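Thanks for coming. I have one structure to go through today, and I will keep it short. Please look at the screen.

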Number of protein chains: 2
Amino acid sequence: MYTIGDAAKATNLPTKTVRYYADIDLVTPSGRSDNGYRLYSDKEINKLIFTRRARSFGFSVQECRELLDLYENRDRSSRDVKAIAVNRIKEIEEKLQELQSLHDELTHLSETCNGDDRPDCPIIRGLAS
Amino acid sequence: MYTIGDAAKATNLPTKTVRYYADIDLVTPSGRSDNGYRLYSDKEINKLIFTRRARSFGFSVQECRELLDLYENRDRSSRDVKAIAVNRIKEIEEKLQELQSLHDELTHLSETCNGDDRPDCPIIRGLAS
DNA sequence: GTAAGGCTTCCAGTAGCTGGAAGGTCAAGA
DNA sequence: TCTTGACCTTCCAGCTACTGGAAGCCTTAC
């Protein structure tokens, strides 16, 4: 059994975040010690690591909730999981495109700017029009 | 002079957002009418449009504040503006790389998943380990 | 005995809005 | 004249996913 600090170390998550996940019932401790300390078993440690990974993959907390359900449920079909992942991939692709065109526009504006002491600035002009 | 609703239409921003920008002193109305309505002149309309564009380019409100200062100040050097833009481009490039590797990893996981009724799922396994 | 470090709860703040409630203002129509 | 609807006002709350801090209890070491 791990106290919250030990769980934090074991999962590479901030203590505050582990407590937060408990508060929102995402990953709840398996129990409490006599003095009221949260106690985590190996099972919860794994769920916390799973959550950290999923979060770093950009899954929202809500999606993590669904994924944890699937992760826990041995009977789940891989189809359910794949649907969530494919959704996420599509979102990432949209965001990539958006960022790319942003990048290109801004780079173009920046390249046409002298970056000197004179006030005439294509970037400002580009943003204004 | 525009009331807040007219300003919203003219700038293609939600009314709530225009009011919010006034609240945080980003773009303040030039005055108030007798009945207390916010009034915007063409100058503020342009600043609102400028802000909308800059926000859509991913500049933070704080950066918009700086850009608006430069936009207003005829004596500003284009160097100052370019510095902000270059900074932003660097951030975008980092985010692009991050998203790209995320995309590749997730796509890989998804491709190795059958997406059928059986519970064995490489995505779940990939997230857990 | 006390100091350090862990734990607890609760409250507030972050960014950038967005939604809603309660109420004032104004023009048009029955 | 009354009322309806569309404006506008302020203020408060909520969204995401934490993060920081205060006040206070518990345990261990010196």
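Before the comparison of the two chains, a word on how it is done: copies are superposed by least squares on the C-alpha atoms of residues with pLDDT of at least 70 in both. That cut-off applies here because this is a predicted model.

Now the result. A turn of 180° with a shift of 0.0 Å along the axis lays chain B on chain A, and the RMSD is 0.1 Å. That is the relation of a two-fold axis. Which residue of chain B comes closest to the rotation axis? It is B:Leu96, with its C-alpha at 3.3 Å. Both copies use the same surface, since 98% of the contact residues of chain B recur in chain A.

Next, the DNA. Strand C is surrounded by 18 residues, and the closest are A:Gly5, A:Arg19, A:Arg38, B:Lys16 and B:Tyr21. By type, the residues of this surface are seven nonpolar, six polar and five charged.

Which part of the strand faces the protein? Of the atoms of DNA strand C within 4 Å of the protein, 67% belong to sugar or phosphate, and the rest belong to bases.

Some individual contacts to phosphate oxygens of strand C. From A:Gly5, a backbone N or O atom lies 2.5 Å away from one. For B:Thr17, a side-chain N or O atom is at 2.8 Å. B:Tyr21 places a polar side-chain atom 2.8 Å from a phosphate oxygen as well.

Two elements give two or more residues to the surface near strand C: helix 1 (4–11) of chain A and helix 2 (15–23) of chain B. Helix 2 of chain B supplies the largest share, four residues.

Definitions and conventions. Residues numbered from 1 in each chain as written. Chains lettered and ligands numbered in written order. Predicted model: local features only at pLDDT ≥ 70, side-chain atom pairs only at ≥ 80, totals over all residues. Heavy atoms only, no water. Near = heavy atom within 4 Å. Polar contact = N/O pair within 3.5 Å; in protein donor to acceptor, adjacent residues only side chain to side chain. Nonpolar A, V, L, I, M, F, W, Y, C, P; charged D, E, K, R; others polar. Contact = heavy atoms within 4.5 Å.
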